[in-house]
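Work through the exercises below with the sequence and the coordinates at hand, and attempt each task before reading its solution.

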Amino acid sequence: GCVSVLVSFLALTIAGLKLIINAFDPTFVSSSPNPSGSGLASSFLSCSQPNLDGQLVSSPEERQSSSPSHPKSAAADKKAFIPPPFPGLRQSPRREAIWHVELEDEQPLPAIGEGGWDIILDARSPGEFREDHVPGSTSTPVLDNTERAEVGTTYKKDRFLARRIGAALISESIAKHLRSPVLSHLKPNAKILVICWRGGERSHSLATILARVGFRVGVLKGGYQGYRRRVVRQLSKLGRLKYVVICGPTGSGKTNFLKSLKERGAQVIDLEGVANHKGSILGDNLKTPQPTQKIFEGLMALEAGNIDPDKPVFIEDEGSRVGSLHLPSELWRAKKLAPRCNLSVPIDFRVKCIRDDYKYFEDSKNLQPLCDRLRGLHKRVGKKSVERYIKLAEEGSWDELVKDLLVTHYDSAYAKAVERSTPDDAKGNEGAIVHDVTLKSEDDYSRKALEVIERFQSHKFSIHVRPTSPPKIGKKKKKNKKGSEINNSGNSDESKKSR
């Protein structure tokens, strides 16, 4: 009995102290829940909790800046503060926790899978999502393209009306998403990351409901804009890697050789796999289109984040473009000066490799798409050659067609591409072939892959970092035939003096 009385007395004392602190310190914040067990890196997660003004505060610095007397936030507080409906009322504590995810350079990009998020939800409109999004994320728009335009137009005229319309539309959308298979299969302890354009209203609207349901929810700080800035910074790392370029004529099985290298523990970037294109006029995927340029760059940034810069990285010899997509300039410059491993393969084996890779074109239903692509070669090989290609395809003479394409088009095109991509100042091992591999059958890929890995483990790589260009000061004046300087208006200094 005495113990229970003592416990009750201590509880009342602590409650009284909290009331006194609340009365004198307007920035007092209730303790945040412990995120332990979430499986997320606490170094870049912070829990947002409300202060007495209803603002989200997640760190001592943010709590200081949220004080009405703080100079940085005085104007923001005056604009955002909503007074209570009646004097003397106090705001109830927020019941859900929303975790803010910051994309610092030392942290990995958001990803789904082991050690990452269970699902990434993109609250932006379908049009925004189509242009670019975090790889693996799911589109769960709280406003579609038309609704977003309607709310944005109204906001310029009447902000309160725009918020009311937006709240109604967002509530309807969130209700649909909660009933959809995307969210209905998630377990109560699922880790969900929500993204919108800036990490503002749209993502917090969805995150608030999901957190209230009981999910562990994070919001990407800075939204898609923050993600995109981080992608651009990550791509710069591609220029500082130790590349080994696997080269060889069309049909030499470069992609298969990269797979053998990866199976034996080597670091590999499959450019054609990321770009969803095989790098030739016949290389586009008949079922799924290529990603947009920005999505491709996001995928390349993920690849860069998984690479150990101290070990060699094997890539396939590609031009500056793979299909319609441009390679990151940092990678393209480094690749031109990287050591090369050349694959030498008999033409009969090359024909077999090409037929295996493009087996779907031998299906009768894909004959028309094949002929359409072959017609695209008429400027390079001439009309007669294209007609011969199409005739062989219609007859089903696949070996003869592939060999004809190799001899009359692909081999000469590859030789020209190699000549263009080799730098004029290549010296020693820079940009030169330093290892030749002869392949005669599929069994050779595995054995030769180990040989190549051992060869380049001891290779001395030269990392070429592009120097920063000095700022341009003024415009350089041109000279006419007489040697007189011409100014920006097109008049020479002599004629100006004569006038």
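The exercises that follow concern a predicted model.

**Exercise 1.** Determine where Arg-124 lies, whether Arg-124 is buried or exposed, and which backbone oxygens its side chain reaches.

*Solution.* Begin with the chain: Arg-124 sits in the loop between β4 (119-122) and α4 (126-131). Next, take its relative accessible area, which is 1%; because buried means under 20%, Arg-124 counts as buried. Then follow the side chain of Arg-124, which reaches the backbone oxygen of Asp-132 at 2.5 Å and that of Glu-128 at 3.5 Å. Finally, leaving out residues up to four places away in sequence, list the residues that Arg-124 touches, among them Phe-129, Asp-132, Trp-197, Arg-202 and Tyr-224.

**Exercise 2.** How many residues does the largest nonpolar core have, and which elements each supply at least two of them?

*Solution.* The largest nonpolar core has 34 residues, and Tyr-227, Leu-238, Tyr-243, Ile-269, Met-300 and Leu-331 have the most contacts inside it. At least two residues of this core come from each of β6 (191-195), α9 (223-235), β8 (242-247), α11 (271-275), α12 (293-305), β10 (312-316) and α13 (329-336). A second, separate core has 24 residues, including Ile-98, Leu-169, Ala-190 and Ala-211.

**Exercise 3.** Identify the buried residues of α13, decide how they are placed around the axis, and find what covers them.

*Solution.* The buried residues of α13 are Leu-331, Ala-334 and Lys-335. Because they cover an arc of only 100 degrees around the axis, they lie on the same side of α13. Their cover includes β8, α11, α12, β10 and β13 (340-344).

Methods
Residues are numbered from 1 along each chain as its sequence is written. This is a predicted model: local features need pLDDT of at least 70, side-chain atom pairs count only at pLDDT 80 or more; totals for chains, interfaces and linings use all residues. Side-chain values use heavy atoms; hydrogens and water are left out. Helices (H or I, at least four residues) and strands (E, at least two) are DSSP runs, numbered from the N terminus. Buried means under 20% relative accessible area, exposed over 50%, partly exposed in between (1.4 Å probe, protein chains only). A polar contact is a pair of N or O atoms within 3.5 Å; within protein, one must be able to donate a hydrogen and the other to accept it, and residues adjacent in sequence count only if both atoms are side-chain atoms. Contact means heavy atoms within 4.5 Å. A nonpolar core is a set of buried Ala, Val, Leu, Ile, Met, Phe, Trp, Tyr and Cys residues joined through side-chain atoms within 4.5 Å. The arc is that of the directions from the helix axis to the C-beta atoms.
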